[in-house]
Each structure stands twice: as C-alpha cells, then as structure tokens.
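Visitor: I would like to walk through this model and hear the reasoning behind the words used for it. Could you show it to me?

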Amino acid sequence: MPAPVSGIHFIDLKQQYRRLKPAIDQRIQAVLDHGQYIMGPEVAELEEKLAAFVGVDHAVGVSDGTAALQIAMMALGIGPGDEVITSPFTFIASAETISLLGATPVFVDIDPDSCNLDPSRLEAAITAKTRAIMPVSLYGQCADMEAINEIAARHQLPVIEDGAQSFGATRHGRRSGALSTIGCTSFFPSKPLGCYGDGGACFTSDADLARKMAEIRVHGQSKRYVHTTIGLNGRLDTLQAAVLLAKLEAFPQEVRQRAEAGDRYSALIHKVGHPHIRTVPVTSGNTSVFAQYTVRVPNRAQVIDVLKANGIPTAVHYPVCLHQQPVYASTHAGLSLPNAEAAAAEVLSLPMYPDLAHELQIRIIEHLIAAVDSTL
Ligand SMILES: *Cc1c(COP(=O)(O)O)cnc(C)c1O
C-alpha cells in the first residue's frame, strides 16, 4: 500500500478563493456599496456575459439549478397529465421538477459508456402525452444532442438540457446550454462555475421563451404588480451574480485546467490498464468540464473505505437510480434499466478542481489501484 496522503480535498474552493480574492472581494464590495440586493445591476450584466459565453441570445439568471429546470418547463407549458423523458441516472432535481409540475418523468436507459441518455432508446418512450425531452449532461459532458434533437424535431418536441454539471463543456464546438430549445445550469458552489450559495440560469435563443422565463422567475410579473402568469420567487441574488462575474473572468482558464486534470487522470489509468478500473470516456465530438471525474470499480464500498483511510475523499454520483428511489417506487415499480443500474452500483468520483496538482493525481491513482487490488 502506498503511504497515506494528507490535505486532499474533494473540491478545493478555498484555494480558488485565494487565487481570485481581489476580484471577488471588489465585486462583493460594490454590491454592499450600492445596496441593490434584489435584481441589482450585476444580474443583468451577468446575464449578458453568460449569453455571450454560451452563444445564445438570452440568459435568465435564476435562484438555483432546480428552479432553472422548473421555470424552463413552466415556460413551455408543461403540467398535469404530461410526460417528460429524462435520464434515470442523475440528481433527483431532474425528475423532481417534472413531478412538481404534475407531469410524469419517463426514464430512458443510459449509454453504458458515457452514462448519458441513450438516444437509440428514446423513440420507443415517446407517447401521445410526451411534451419534452430532458437529457442530462452528466459529469460535465453533453449527451448525443444531435440524435436527440433530430428525434425531438420529428415529434415536434422541445428539448431541455439539464446542464447543471456541464457549464463550459462543448459539443462539436458549441457550448452546453446552446444545444437545445432551453439549456439550464446550476451555479451551486461545487459545480464547474459555482457561486457562494445557490444560483442558476436558463439559456435560449427563443425571445418569447426568454421573456416568459424572465416573468416566471418574478412571480409571473410582466410589469410591477401586473401578474400575467403563475410564477414563483426564482430570482438570482445580486451578491451571487457579483461572485459569478468575478469567477467568469477566470473560467475559460479553469475550463482548460479541468480538461487537463481530467485527461491526466484518464492517461494515468489507461497506462496501468487495470482490468477492474473503468473510466467514463469523453465521447467523440465532446469536451468535458469534468464536474466530476468518475471511474467504475467493483467492491465500491470497500474501495471507498480504503481510500478514506488513506486520506483520499471520494463521492458517489449517484448510488441509486431515480426509478428505484422510494418516491418513485409506486409509480415506476418493476421498471428495469440495466445500464443505469450497473452504473449506480459501480461509479466513484475522485477529487477534481482546477488547481488539482498533477503530483496529487499520481498519488490518488496509485491509491485507487492499491485499494481495488486489496479488496478483490
Ligand atoms: C446540481 C444539479 C441540479 C440542481 O442544481 P441546484 O442548483 O442544486 O438546484 C440539477 N441537475 C443536476 C444533474 C445537478 O447535478
């Protein structure tokens, strides 16, 4: 067994703050000075910069990634009796928001390599009640959006990308968020672009949908105290927009650092060619922002324990498929989605952040190999 390591974080936000402190502090202080904490000027400035970065006409800042999904579906008029197709291998928010609107999530199995929704299984799941398709860009890379968009177009269905983990990723040179009718993302602190609390955004090039989403996030208000539709309180805080404006400046560089760190992990693993350690490959045409760097191993619970004892934090995204969650047990009983279920049993995410040193990655992979070997 290699010697234990110390001081490794799963995600190191403090190190990032030390690097960006002057810009972040200055942006926060500006908000404290002008005092417009709700919908202050930083929100509109951020929306303009986000839209330009993603390559869409409109960005709408919202309170979090979950609200982004809900607001997107509300703008599309999704409600009781409708079905929305999504992945079973994702965070609960993807399906929870569908259910919250009174609609039913329909789970389609994933591709066993990318762990993203498998388009070849999509058409069979479309019914007369289907109102939208919501692929999830898991671990930082997009699903096969061309195939999904092609099927959606044939059935005249909108596509909502759950890009909570993929802000900054590209597919055939176009950014996540610009690949569907509406793209949604999260700025939760641990996401590729994170604020210092909750935050999120919706992206679209459809002016009508953009206006609807902007109204829905402020109680369905078209003008002050004129409420044209049912909305909610889904605003992005000015302080969070300020943090994001400072972090967005550094983000292109961080995207490169993340890609390098992800590629280094993959190279270290492939060099060893361990028969029991699988990577989640980056699909051809994609760049990943590696929201997570995830591997697949047998005996995961024991591997986690051994790594923990040696100072290496890990996480599991996600241990239970959504169709097997207690909340969906009665509505989705008996559903079998073998690729998603296999992934849920094997996946393990390793430490990942832009400042992650090559030296630490070497140690982490040494320990991963030793941990797998010791538990076989
Ligand atoms: C984080 C996440 C969300 C929810 O984002 P919040 O900002 O935490 O509400 C939704 N979908 C996926 C895939 C996520 O990873």
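Guide: Here is a predicted model, and we will take your questions one at a time.

Visitor: What makes helix H3 mostly covered?

Guide: Buried means under 20% relative accessible area, and nine of the eleven residues of H3, which spans residues 65-75, are buried. Among them are Gly65, Leu69, Ile71 and Met73.

Visitor: Why is the contact between Asp64 and Thr66 called a polar contact?

Guide: The cut-off for a pair of N or O atoms is 3.5 Å. A side-chain oxygen of Asp64 lies 3.1 Å from the backbone nitrogen of Thr66, so the pair is within that limit. With this contact, Asp64 caps the N-terminal end of H3.

Visitor: Which residues are closest to the ligand?

Guide: Of the 15 residues that surround the ligand, the closest are Gly65, Thr66, Asp162, Ser186 and Lys191.

Visitor: How do you know that Thr66, Asp162 and Ser186 make polar contacts with the ligand?

Guide: The same 3.5 Å cut-off applies. A polar side-chain atom of Thr66 lies 2.5 Å from a ligand oxygen, and one of Ser186 lies 2.6 Å from a ligand oxygen. Asp162 places a polar side-chain atom 2.8 Å from a ligand nitrogen. Each distance is within 3.5 Å, so each pair counts as a polar contact.

Visitor: How much of the ligand's accessible area does the protein cover?

Guide: On its own the ligand has 380 Å² of accessible area, and the protein covers 92% of that.

Visitor: Which elements give two or more residues to the shell around the ligand?

Guide: They are H3 and helix H4 (93-100).

Note on methods:
Residues numbered from 1 in each chain as written. Predicted model: local features only at pLDDT ≥ 70, side-chain atom pairs only at ≥ 80, totals over all residues. Heavy atoms only, no water. Buried < 20%, exposed > 50% of the residue type's maximum accessible area, 1.4 Å probe, protein only. Helix = DSSP H or I, 4+ residues; strand = E, 2+ residues; numbered from the N terminus. Polar contact = N/O pair within 3.5 Å; in protein donor to acceptor, adjacent residues only side chain to side chain. Near = heavy atom within 4 Å. Areas by Shrake-Rupley, 256 points an atom, 1.4 Å probe, with all protein chains shown as cover.
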